[in-house]
Amino acid sequence: MAVTPQEPDTRWMHLALDQAKRGVGLTSPNPPVGAVIVNHGKAIGQGYHHKAGGPHAEIEAIRDAQTYNPKLLPGSTLFVTLEPCCTQGRTGPCTEAIKAAGIKRVVWGAMDPNPRHAGRAQEILSLAGITVTTGVLQDECREMIRPFSKWVTTGLPYVIAKVGQSLDGRITRPAGEGPWITSESARAHGRRLRARADAILVGAGTIRVDNPQLTIREGAPGLKEQPYRVILSRSCDMPESSHVFTDEHKHRTWVLRDLSFTDALKELAQRGIVTVLIEGGADVLGQAFAAQAVDEIVWYVAPRICGSSGLPAIGGLPLDQSVQIDDVKILPLGDNVCITGHPVWLKPTPAQS
């Protein structure tokens with residue numbers, strides 16, 4: 001039976017969320033999840049999901065408690081950011097491990113977004129006499145699994161659009177000037193986004209003009225694999241000497257030819273890609289916004305005017321309608337600014353549909 005959250009529950013769920021954050025970018029196609037086990041007002045075990053195929057957060061926390069506080073595990077409370085799994089996959093069902101450990105109360109934040117599993121853990125645990133509390137810090141826990149939720153419910157990856165632009169909306173400077181619009185601190189902040197992604201997406205023009213590395217460098221978790229470099233191309237006319245075709249990660253470069261943006265996303269989702277980071281150029285960004293495929297924006301703005309000779313941030317055909325951004329956050333980075341948020345996609349009007 002589900003019960004009302006108690007006052008200390010939010011404190012322990014915050015700790016579980018801190019654990020979950022340690023797995024962001026490492027667990028695809030699974031979501032990042034964190035867990036804390038508590039007894040007599042003391043945390044006796046904690047853990048997070050490290051990678052797909054490995055133990056889930058609940059198992060990591062139970063093992064931690066069994067190692068350091070085995071006598072306190074029976075009768076304890078488990079706090080976990082996501083509803084525990086109840087089916088056999090690459091690992092066994094967490095609900096069975098919870099019952100076997102003698103845990104008497106389970107508290108979670110977000111329900112499993114997979115409609116085949118949502119709510120089943122509550123039924124299983126309640127039948128075993130375990131008290132269940134749900135919805136503690138629900139919004140924060142749902143935010144943690146936003147990419148997984150989209151992937152598992154729509155069959156499409158979560159798309160982050162990253163842009164570095166001038167005040168007048170240009171992503172290139174006049175001919176003869178240097179290539180960079182934004183500051184070094186803004187660019188370093190943007191590179192750290194790669195640690196969240198399973199794939200970095202660019203157009204062939206970006207490879208021809210900029211020859212980017214698209215690699216993880218500073219600030220990446222130690223277990224993070226290099227994200228796949230995905231190139232959308234019509235002609236495949238790119239220099240064979242490009243970094244993405246010759247460096248140590250060349251086996252993690254994919255070229256998708258003659259696919260619409262939506263079809264490219266479907267292809268990536270089928271390959272287990274949950275989160276895609278778009279890093280350019282203007283045409284690819286234009287396709288993404290035209291397809292209403294962008295889930296999150298990370299927009300860097302520099303105090304520079306580039307004029308009409310620069311490329312606009314969003315290229316291609318004009319958008320049918322403007323795009324409102326919600327959940328806006330503004331982060332100063334020296335004299336640059338980073339604006340983040342989530343696009344609100346409106347339904348097409350009858351004339352557009």
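The following exercises, each with a worked solution, concern the sheets, helices and selected buried residues of a predicted model.

Residues are numbered from 1 along each chain as its sequence is written. In this predicted model, local features need pLDDT of at least 70, side-chain atom pairs count only at pLDDT 80 or more, and totals for chains, interfaces and linings use all residues, while side-chain values use heavy atoms and leave out hydrogens and water.

**Exercise 1. Confidence**

Determine the average pLDDT of the protein and find the residues over which pLDDT stays under 50.

Solution. Step one: pLDDT is the predictor's confidence in each residue, from 0 to 100. Step two: the protein has an average pLDDT of 93, and 95% of the residues score at least 70. Step three: pLDDT stays under 50 over residues 349–353, for which the model has three contacts (heavy atoms within 4.5 Å) beyond four places in sequence.

**Exercise 2. The sheet of five strands**

State the strand order of the open sheet of five strands, and describe how E4 is connected to E5.

Solution. Step one: helices (H or I, at least four residues) and strands (E, at least two) are DSSP runs numbered from the N terminus, and two strands pair if DSSP finds at least two bridges between them. Step two: the order is E2-E1-E3-E4-E5, with mixed pairing. Strand E2 (42–48) and strand E5 (131–134) are the edges, each pairing on one side only. Neighbouring strands of this sheet are turned by 15 degrees against each other on average, direction ignored; axes are lines fitted to C-alpha atoms, for helices over the stretch in contact, and angles run from 0 to 180 degrees between N-to-C directions.

Step three: strand E3 (residues 77–82) pairs with strand E4 (residues 105–110) in the parallel sense over five bridges, and leucine 82 stands opposite alanine 110 in E4. Step four: four bridges link E4 and E5, again in the parallel sense, and threonine 131 in E5 is the bridge partner of arginine 105. From E4 the chain passes through helix H4 (residues 120–127) to E5, a right-handed β-α-β crossover; with the strands pointing away from the viewer, the path from the first strand over the helix to the second runs clockwise. Step five: helix H2 (residues 57–68) lies across strand E1 (34–39), E2 and E3, at about 135 degrees to E2.

**Exercise 3. The sheet of eight strands**

Establish the strand order of the open sheet of eight strands and identify helices that lie on it.

Solution. Step one: the order is E9-E8-E7-E10-E6-E11-E13-E12, and the pairing is mixed. The edges are E9 and strand E12 (324–333), each of which pairs on one side only. On average, neighbouring strands of this sheet are turned by 20 degrees against each other, direction ignored.

Step two: strand E7 (residues 199–203) and E8 run parallel, joined by five bridges, with alanine 199 opposite tyrosine 228 in E8. E8 and strand E9 (residues 253–257) also run parallel and are joined by five bridges. Along this pair, serine 233 stands opposite arginine 257, and valine 230 stands opposite tryptophan 254. H10 packs on the sheet, touching E6, E7, E8, E9 and E10, and its direction makes about 140 degrees with that of E9.

Step three: five of the six residues of strand E8 (residues 228–233) are buried, that is, under 20% relative accessible area (exposed is over 50%, partly exposed in between; 1.4 Å probe, protein chains only). Step four: helix H11 (residues 282–290) lies across E6, E7, E10 and strand E11 (296–302), at about 135 degrees to E10.

**Exercise 4. Buried residues**

Decide whether threonine 275 and histidine 342 are buried or exposed, and list what each touches.

Solution. Step one: threonine 275 lies in strand E10 (residues 275–280) and is buried, with a relative accessible area of 5%. Beyond four places in sequence, threonine 275 touches residues including Pro147, Tyr158, Arg196 and Asp198. Step two: Pro147 belongs to helix H6 (residues 146–154), where Phe148, Ser149, Lys150 and Trp151 are buried as well as Pro147. These residues pack against helix H5 (138–144), strand E6 (158–166), helix H10 (261–270) and E10. Just after H6, glycine 155 takes a positive phi of about 75 degrees.

Step three: histidine 342 lies in strand E13 (residues 336–344) and is buried, at a relative accessible area of 9%. Its side chain reaches the backbone oxygen of aspartate 295 at 3.0 Å. Leaving aside neighbours within four places in sequence, the contacts of histidine 342 include Glu143, Arg146, Tyr158 and Gln324.

Conventions
Polar contact = N/O pair within 3.5 Å; in protein donor to acceptor, adjacent residues only side chain to side chain.
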